[in-house]
Amino acid sequence: MRFLLTDEQREFAHALDGMLSASGTPAVARAWAADDHQPGRALWKHIARAGVFGLAVPEQHGGSGLLPVELALSFQALGRHAVPGPLVETVAAAAFLGRLGADVQAGEWLPRIAAGEAVLSLCAGAGPDALEADAADPAGYVRDADAADPAPYALDADAADAVLLIRGDTVSRTDTHGPVQSSLDPARRLARPLDGTVLARGPAVTAAAVHAVEVARLLTAAQSLGLGRALLAATVSYVRQRTQFGSPIGSFQAVKHRLADTLIGLEFAQPLVHAAALALEAGAPSAGREVAAAKVAAGEAGYAAARTALQLHGAIGYTEELGLSLWIRKARPLRDAWGTPATCRARVLTG
C-alpha cells in the first residue's frame, strides 16, 4: 500500500486550494445560509471544472472513475475553505448511481454531475448509519439519530435538483420535501424528503447504498480534517497577535499545550483518512471498518479544533460576525453526519 502522494495528486490538491482561496468562500457560505444559492451554484461550476465531481463518475459518463484518494484530497480542500452545499451527498449519489447503472437513470444524471450541472442530495433512509444527526426540531433541540424514529433528513433538498431517497432495498427519486429545518450550521439546511418515483428495488440497491455510505463517510471525514486544519491555522495566527500581560498569549504554556493536543489529533487522523481512501480504492474487505475509523478520528479532531478555536479566541469566538464562526459551527454537524462517533465505533468493533 502506497501512502505517499504522487506529484500529480499534490499538484491537483494545490491547484484546487488556490482556486478556492480566490473564490471568496466565506461570502458564498453566508449567502447559502441566507437562502441565496446563486453564488454557491457558480462556485459549484468552478469546482466541477477543476474535475472534482468527475472523480466519482465512471469514464463512460464523462468522469475519471471512482478515485477515493483524489476525492479525499479534494474534500480536505473543500472543508478547509468551508464550501457550502450537498457536496458529499452529490458525490455519494454519483457513486450509488454508478454501481446501479441504467436501472436508476445513471445515464441521465452522471454526465450532468461530472459537468457541475446537477446538484443531488442523497438520503440513505430509515436507520442511524447514514442519517444526519444535526437537524434541530422547531424547539431547537438536536434530534437523536439513534432514536426509535430517526426521521431521516436530506441535506439542502431545497437547493438540489433532486433527492435520492433510499429506504431498505428501494430507491426513489423525489423533487418535493417538507419544511426546511435549521441546523447547528446555518449553511447546512435540512428537510425531510417526501415520497417520489420508485427507480429500483432489490439486493443491488442495498449493496450500492452500503458503498455510497462508505464514500460519504470518507469524504465527510476528509472535510472534517480540512476544517480542523483551517481552524488550527487561524487560531495559531490569532494567539500570536493577541497580547495579555504584555506578551502574546501564544507564549503561555497552557495555550501551547492546547494547540499541541489539537495538532496531534489532526496528525493522527490524517493517515487514517488516507488509508481508508486506499482501502476503498482497492475494494478491500476491511474498507468499511477503515472508513469508519477514519470518520471517528477526523470528526473528533475537527470538533476538538473548533473547541480550541472557540476558547482561545475568547469572547469574539462566540460572535457570528467573526468569519471563523463559519468553520466553528460546521465542526459538530460534520462529526455526526453520515454516522455518529458511536455508530462508527460500533462498525470498527464489529468488523
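In strand β6, Leu190 is the bridge partner of Gln181. Helices and strands here are DSSP runs, numbered from the N terminus: H or I over at least four residues for a helix, E over at least two for a strand. This is a predicted model, where local features need pLDDT of at least 70 and side-chain atom pairs count only at pLDDT 80 or more, while totals for chains, interfaces and linings use all residues. Residues are numbered from 1 along each chain as its sequence is written, and side-chain values use heavy atoms, with hydrogens and water left out.

Back to that bridge. Three bridges join β5 to β6 (residues 190–193), and the two strands run antiparallel. Strands count as paired if DSSP finds at least two bridges between them. Step back a little and you'll see an open sheet of three strands, in the order β2-β6-β5, with antiparallel pairing. At its edges are β2 (154–155) and β5 (177–181), each pairing on one side only. In general, the strands of a sheet pair through backbone hydrogen bonds, either parallel or antiparallel.

Now for another sheet. This open one has four strands in the order β1-β3-β4-β7, and its pairing is mixed. β1 (120–124) and β7 (197–201) stand at the edges with a single partner strand each, so one side of each has no neighbour in the sheet. From one strand to the next, the twist averages 20°. Look at β4 (residues 170–174) beside β7: the two run antiparallel and are joined by four bridges. There, Thr170 stands opposite Arg201 in β7.

On to the helices. Two packed helices are described by the angle between their axes and the distance between the axes. An axis is a line fitted to C-alpha atoms, for helices over the stretch in contact, and angles run from 0 to 180 degrees between N-to-C directions. How do α7 and α8 pack? Their angle is about 155°, with the axes 10 Å apart. They are therefore roughly antiparallel to each other (angles over 145 degrees count as that, under 35 as roughly parallel, 65 to 115 as roughly perpendicular, and the rest as oblique). α7 passes α8 in a left-handed crossing, meaning that the near helix is turned anticlockwise from the far one by less than a right angle.

Try α9 and α10 next: they pack at about 160°, their axes 8 Å apart. That pair, α9 and α10, is therefore roughly antiparallel too. α9 also passes α10 in a left-handed crossing.

These two helices bring us to the second largest pocket, with about 200 Å³ of space. A pocket is an open set of points on a 1 Å grid over the protein atoms alone, with protein on both sides within 12 Å along at least five of seven lines; a cavity is a set where a 1.4 Å probe fits but cannot get out, and lining residues have an atom within 4 Å of a point. Grid points are joined across faces, edges and corners, and a volume is the space filled by probe spheres set on the points. α9 (287–312) and α10 are the elements giving two or more residues to this pocket's lining. Among the lining residues are Tyr303, Arg307 and Ile328.

Finally, there are three cavities of 30 Å³ or more. The largest holds about 100 Å³ of space. Of its 14 lining residues, the closest to the centre are Gly85, Leu155, Arg188, Gln223 and Leu334.
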